[in-house]
Amino acid sequence: MAAPSTSTSSEACNSVMFWTHDHEAILCREVVNVNPYTTKTRSTQRSRMWEKIADNLNKFTVPKFRVDKRSVRDHLGILVYKHKKKLLAEEKATGITPDEPTELENLLDMIIALEESGEAELQETQGTASKKRQYDRAKVKDVRLTAMEKLSETKKRGSSEDESDDKPKREPRSGGDAIEQSTNKAFLCHGYFCERIAEESH
């Protein structure tokens, strides 16, 4: 006996639909056509795609559908689970030639492939974004390191000049020294704030 599906949509309210082979084949065709697996799992975009599939199915008059996005997603999950279980049993069986796949089984194979492909593409996209974040952090660190090196070189020059003077004197800083020190501080501040901005933006 086919599995029943309840719906909370206004059109399917207080109704029970029994899934037949025709219902399941049409469901799988719609899933392949819309392909919700191009969006992130549990995202608003994927939820809207399941809703679109349910709306398309409810427009059929023969066979008649009374479904919502949840019942569609849940019933497809049952079909995919049973199909994977059957394929695993056929792989373990020896000396048995499996029957020719039906249209529904071919559609389920396509859905499984679409889901696996979608997950791989999303992981690759997330990996690319992660690499970009690492590159941005490394770039900020390079800027900060350069500023620190410049400051260190400035201090070494000042120390060398003090040691070569027979009578160390404390003289007022010239305008050039003040500008150089301000420049070094600017480099440090730039590196610090760049790093803070990069961390906050990710």
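Where is the place of Pro-63? Here are a few points to follow while you look at this predicted model.

1. **The proline.** Pro-63 sits in the loop between helix H2 (44-58) and helix H3 (69-92). Have a look at the bond that leads into that residue: Val-62 and Pro-63 are joined by a cis peptide bond, with omega at about -10°.

2. **Helix H1.** This helix covers residues 21-34, which makes 14 residues. At 1.5 Å a residue it should span 20 Å, and the end C-alpha atoms are indeed 20 Å apart, so the expected span and the model agree.

3. **What H1 tucks away.** Quite a list of H1 residues is buried, including His-23, Glu-24, Ala-25, Ile-26, Leu-27 and Cys-28. Glu-30, Val-31 and Val-34 are buried in H1 too.

4. **Just after H1.** The helix is followed by Asn-35, whose phi is positive, near 55°. Asn-35 belongs to the loop between H1 and H2. Is Asn-35 buried or exposed? Its relative accessibility is 16%, and buried means under 20%, so Asn-35 counts as buried.

5. **A second positive phi.** Arg-42 also lies in the loop between H1 and H2. Its phi is near 60°, a positive value in a residue other than glycine. Arg-42 has 80% relative accessibility, and the cut-off for exposed is over 50%, so this residue counts as exposed.

6. **Why pick these out?** Most residues other than glycine have a negative phi, and most peptide bonds are trans. With that in mind, go back to the positive phi of Asn-35, the positive phi of Arg-42 and the cis bond between Val-62 and Pro-63.

Technical notes
Residues are numbered from 1 along each chain as its sequence is written. This is a predicted model: local features need pLDDT of at least 70, side-chain atom pairs count only at pLDDT 80 or more; totals for chains, interfaces and linings use all residues. Side-chain values use heavy atoms; hydrogens and water are left out. Helices (H or I, at least four residues) and strands (E, at least two) are DSSP runs, numbered from the N terminus. The expected span of a helix is 1.5 Å times one less than its number of residues. Buried means under 20% relative accessible area, exposed over 50%, partly exposed in between (1.4 Å probe, protein chains only).
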